[in-house]
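This report describes how the chains of a predicted model relate to each other and where they touch.

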There are 2 protein chains.
Amino acid sequence: MKQEKGGTMEKSLSTDRTRLRRLPDRGSHDRDAIHRILDEALVCHVGFEAEGQPYVIPTLYGRVGDHLYLHGSAASRMLGRLEKGIPVCVTVTLLDGLVLARSAFHHSVNYRSVVVLGRAELVASEGEKLLALRAISEHVVPGRWAEVREPNEREMRVTSVLRIPLLEASAKVRVGPPKDDEEDLSIPVWAGVLPLETLPGEPVPDETVKQTAPVPGYVRGYRRPR
Amino acid sequence: MKQEKGGTMEKSLSTDRTRLRRLPDRGSHDRDAIHRILDEALVCHVGFEAEGQPYVIPTLYGRVGDHLYLHGSAASRMLGRLEKGIPVCVTVTLLDGLVLARSAFHHSVNYRSVVVLGRAELVASEGEKLLALRAISEHVVPGRWAEVREPNEREMRVTSVLRIPLLEASAKVRVGPPKDDEEDLSIPVWAGVLPLETLPGEPVPDETVKQTAPVPGYVRGYRRPR
């Protein structure tokens, strides 16, 4: 991805609605950049309206090609609304660092975010539903699905899966150092970037039963893909 | 905050709209729990509607008592919409860990989230505007504001600040180990929680000018409040 130092850029998959007007659009339709951000982030924030009130709800997701998948209880209010095909917005944000300038005004954050607009469809086919659940699981903890018990008939029945096509999406990225005004460069305060990263701590074994299985490599060496 | 092991709980500041129906409501109106989550998180996701389409946009924020403050360019499309007083939802999410169960179905995440519903008001008074900008700065990097150049008249003019009262808000929290079905406990796969935390890396000095100031303590020892 071409990136400007200390600047914001944007990538989009089509349409005027997903282009944020105040920022230059470089490399629109950059599907790969959008996919990479979606694949690295863990949680998305889903926006929808109900009775004139917007709601924003965090949830896990998975991506298969040009589709996002959401899942949850079949009794979920959010999924119940979304499966009616109302307009939805799915946003993911990776916070990469704090940008400390010499002036309060030029403080910023480095981040990568994707905004997806569309409508969700309920996944009816059992085959696609299972693939989607596997994709969500593998998105969160790659390697886990093969080791655990797959969903049984009852669990599949009480789980809803929704599919959102990645037709309208845009990415916004800020990278690099602070951009101070020339006349502020002599202010004798440290300036730069404090990188931030989401990192795993020590795995905490469930003590419900005595465990003999070792901590798996995909847990021990857990990292988000970059 | 009272917490159940391996369970989800909810705290709310008033109203039926902010209570998620599928989950038990323990300790409603727990203002402190809501404030703590808001104070620890860095980025919020702001949901609003424009021409029938919901949008969810990540942004920084600050809290002063029972108000959230958002800021941005006076030319920002989002702030321009919000200052009209349309319904808004502000959500923050802290992802605390991955919950690995013996069955795919019982996988989950530990998290703390707050959903705020309301309407934003444009902050007109210069005094409150400056206090809000200071609160946002101190929310992100406590200690920074006192060291940097404060906004000048032009910067204040091109910056909009919005205030959202914390009247309707709810917190949702999951903590603890996986909750497997009894009959799955003998499946010989490791189960437990992989904690996640957002941590700082090595500060990267801006090389625009040679810096003599040392990396400040509030950068070197940066941690979110818990």
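In this predicted model, chain A superposes on chain B after a rotation of 180° with 0.0 Å of shift along the axis, and the RMSD is 0.0 Å. That relation is the one a two-fold axis gives. Within chain A, A:T198 has the C-alpha nearest the axis, at 2.1 Å from it.

The contact draws 84 residues from chain A and 84 residues from chain B. Of the interface residues of chain A, 100% are also interface residues in chain B, so the copies meet through the same surface.

On the side of chain A that touches chain B, these elements each give two or more residues:

| Element of chain A | Residues |
|---|---|
| β2 | 43-50 |
| β3 | 53-60 |
| β6 | 87-100 |
| β7 | 108-119 |
| α3 | 126-140 |
| β11 | 192-200 |
| β12 | 204-205 |

The largest share of this side, 9 residues, comes from β11(A). Sorted by class, the side of chain A that touches chain B holds 52 nonpolar, 18 polar and 14 charged residues.

Strand β11(A) also pairs across the interface. It is joined by 2 bridges to strand β12 of chain B, residues 204-205, and the two strands run antiparallel. In β12(B), B:P205 stands opposite A:G192. The residue A:G192 belongs to β11 of chain A, which spans 192-200.

Note on methods
Residues are numbered from 1 along each chain as its sequence is written. Chains are lettered from A and ligands numbered from 1 in the order in which they are written. This is a predicted model: local features need pLDDT of at least 70, side-chain atom pairs count only at pLDDT 80 or more; totals for chains, interfaces and linings use all residues. Copies are superposed by least squares on the C-alpha atoms of residues with pLDDT of at least 70 in both. Two residues are in contact if their C-beta atoms, placed from the backbone, lie within 7 Å. Helices (H or I, at least four residues) and strands (E, at least two) are DSSP runs, numbered from the N terminus. Ala, Val, Leu, Ile, Met, Phe, Trp, Tyr, Cys and Pro count as nonpolar, Asp, Glu, Lys and Arg as charged, and the others, Gly among them, as polar. Two strands pair if DSSP finds at least two bridges between them.
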